[in-house]
Amino acid sequence: AETVLIEQQSEQQLLRVLRENAALPEPERRTVVASLAPAAVASLAAAHGLEAAAAARHLSGYLRQLGVQFVFDVGLARALSLAEAEDELVERLTRRGEPDAAPLPLLASACPGFICYAEKTHGKLLLPHISRVRSPQQVAGSLLKRRWAQQRGTAPDRIYHVALMPCFDKKLEAARDDFRAADGQDVDCVITPIELERLLEAEGAQLADAAAVPLDRLLEAPELLVHAGSGSGGYAEHVLRAAGRRLFGADPGPVQFTPGRNPDLLEAELAADGEVKLRVAIANGFRNIQNLVQKLKRRRCPYDYVEVMACPSGCVNGGAQSRPPAELDARAHLAEVRRLYAALPGDENDASDAVRRARETVSKELLHTEYHVIESDTGALNIKW
Ligand code: SF4
């Protein structure tokens, strides 16, 4: 089933949709939109010797050349997802100790590799801890198919949304029933840097051959929007600072993470009034996820929040990112992808007005989701909150 889902969302499928769309009379055509994940943009930039912002604009030009009409950065969606995760953590911290309070630590929900693992292997233990906030990919889907479509007077099923993402797991996420409405999926197709490279190779083209075209601005948000934080998602840094400000009147400023037992486990804490108030961690890779599971089983998990990513080094190192160019080994290439990711312009403060506007007009239902314990012998069983 997973193979079928992946084939339904391939670069060839995208080309077919674009071809068929172009053959229709103008009034019958769907509006094709793309959203770009910064980790995927940074990977393509590294492979093509471009700076990341330039790569985003060449991608914008290339996708338009193929027939995509609007190209957006997922920055606003991620800022919205972060704002919701911040609220969720503050609520859990505020209600800590109450009998019906949701448990801590809160675990991030942006990585479908981790969600799939949690649902299939430790559902009853892990799912109550996982944030109910949709990932940036799926928030972008909600914004585009609901809010932006409404603004344009276009029905959601007249929009075809393709997302450029760093791994194949994002295709499975896009295909989840939880993200399907009567008028279709919020994200119709996910393609990856590897697949985009195949399209370029088939034409004998380089990314820089396409015109550099500014991205469209989703709901008046800045063209590109990257927040401070790790190359994975930056959720841990954001929530530590925000929860510190809101609950303890203490913002530590840029957070220095220190390696835990290995370089893929990073820890940070917030101290105020002489005591540690909050502990967060970034746990990348399955070794650290398994250690986290053991800590939760033994009720000895010291963190309030954990940004969990299945890939070692997080999304910058996703399984479907561009391969290193001949002159760079894998390690040097990853370092370059990280550098480019960090060099993307923008800050979450630039988005505050756009985030506020979006939060005022998008229902929580479209920003949140639920998970399911998958039991091999009995099928799926919904977790109720
Ligand atoms: Fe995909 Fe890896 Fe990022 Fe998870 S950490 S979303 S599996 S690229």
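Is Arg-299 buried or exposed? Select Arg-299 to find out: this residue is exposed, with a relative accessible area of 80%. Keep in mind on this tour that you are looking at a predicted model.

**Stop 1: Arg-299 and its backbone**

While Arg-299 is still highlighted, look at the stretch around it. Arg-299 sits in the loop between helix H12 (286–297) and strand S11 (305–309). Its phi is near 55°, which is a positive value in a residue other than glycine.

**Stop 2: colour by confidence**

Now colour the chain by pLDDT. The average is 91, and 92% of the residues score at least 70. Then pick residues 377–385, where the pLDDT is below 50. Beyond near neighbours in sequence, that stretch has 16 contacts in the model.

**Stop 3: two domains**

Give each domain its own colour. The assignment yields domain 1 (2–77 + 135–225 + 350–367) and domain 2 (81–133 + 228–343). Place a centroid on the C-alpha atoms of each and you should find the centres of domain 1 and domain 2 lying 25 Å apart. The contact between them takes 32 residues from domain 1 and 29 residues from domain 2.

**Stop 4: the largest nonpolar core**

Next, select Leu-143 and Leu-196. Within the largest nonpolar core, which has 72 residues, Leu-143 and Leu-196 touch the most other members. Why does this core lie between the two domains? It does so because domain 1 (2–77 + 135–225 + 350–367) and domain 2 (81–133 + 228–343) both give residues to it.

Zoom in on Leu-143 and show its surroundings. Leaving aside neighbours within four places in sequence, Leu-143 is in contact with Leu-76, Ala-77, Leu-80, Trp-148, Ala-149, Leu-218, Leu-219, Ala-358 and Val-362. Another core, of 47 residues, lies apart from the one you have just visited; Tyr-117, Val-239, Met-309 and Tyr-371 are among its members.

**Stop 5: helix H10**

Select residues 193–203 to bring up helix H10. Pro-193, Ile-194, Glu-195, Leu-196, Glu-197, Leu-199 and Leu-200 are buried in this helix. To see what they pack against, display helix H2 (11–23), helix H3 (38–47), helix H4 (52–66), strand S4 (159–164), H9 and strand S7 (189–191). Step just past the end of H10 and you reach Gly-204, with a positive phi of about 65°.

**Stop 6: the ligand**

Which residues surround the ligand? Select Cys-111, Pro-112, Pro-166, Cys-167, Lys-170, Met-309, Ala-310, Cys-311, Gly-314, Cys-315 and Gly-318. This shell divides into eight nonpolar residues, two polar and one charged. Switch your domain colours back on here: domain 1 (2–77 + 135–225 + 350–367) and domain 2 (81–133 + 228–343) each supply at least three residues to the shell.

**Stop 7: a buried arginine**

Move on to Arg-176, in the loop between helix H9 (169–174) and strand S5 (180–181). Arg-176 has a relative accessible area of 18%, so it is buried. Setting aside residues within four places in sequence, Arg-176 has contacts with Ile-115, Glu-119, Gln-185, Glu-370, Tyr-371 and His-372.

**Stop 8: a cis proline**

Now show the backbone from Leu-104 to Pro-105: the peptide bond here is cis, with omega near 0°. Pro-105 belongs to the loop between helix H5 (75–94) and strand S3 (106–107). Its relative accessibility is 2%, so Pro-105 counts as buried. Around Pro-105, not counting residues up to four places away in sequence, you will find His-129, Leu-296, Cys-301, Tyr-303, Asp-304, Tyr-305 and Val-306 touching it. For a distance check, draw a line between the C-alpha atoms of Pro-105 and Leu-82; they are separated by 16 Å, with these positions 23 residues apart along the chain.

**Stop 9: two exposed loop residues**

Finish with Asp-273 and Gln-256. Asp-273 lies in the loop between strand S9 (265–272) and strand S10 (275–284). Although not a glycine, Asp-273 has a positive phi of about 50°, and this residue is exposed at a relative accessible area of 74%.

Gln-256 is placed in the loop between helix H11 (235–248) and strand S8 (258–259). This residue is exposed as well, with a relative accessible area of 66%. Gln-256 touches Glu-267 and Ala-268, not counting residues up to four places away in sequence. As a last selection, take the C-alpha atoms of Gln-256 and Glu-269: 13 residues apart along the chain, they are separated by 9.1 Å.

Key:
Residues are numbered from 1 along each chain as its sequence is written. This is a predicted model: local features need pLDDT of at least 70, side-chain atom pairs count only at pLDDT 80 or more; totals for chains, interfaces and linings use all residues. Side-chain values use heavy atoms; hydrogens and water are left out. pLDDT is the predictor's confidence in each residue, from 0 to 100. Contact means heavy atoms within 4.5 Å. A nonpolar core is a set of buried Ala, Val, Leu, Ile, Met, Phe, Trp, Tyr and Cys residues joined through side-chain atoms within 4.5 Å. Buried means under 20% relative accessible area, exposed over 50%, partly exposed in between (1.4 Å probe, protein chains only). Domain bounds come from an automatic or database domain assignment. A residue is near a molecule or strand if one of its heavy atoms lies within 4 Å of it. Ala, Val, Leu, Ile, Met, Phe, Trp, Tyr, Cys and Pro count as nonpolar, Asp, Glu, Lys and Arg as charged, and the others, Gly among them, as polar. Helices (H or I, at least four residues) and strands (E, at least two) are DSSP runs, numbered from the N terminus.
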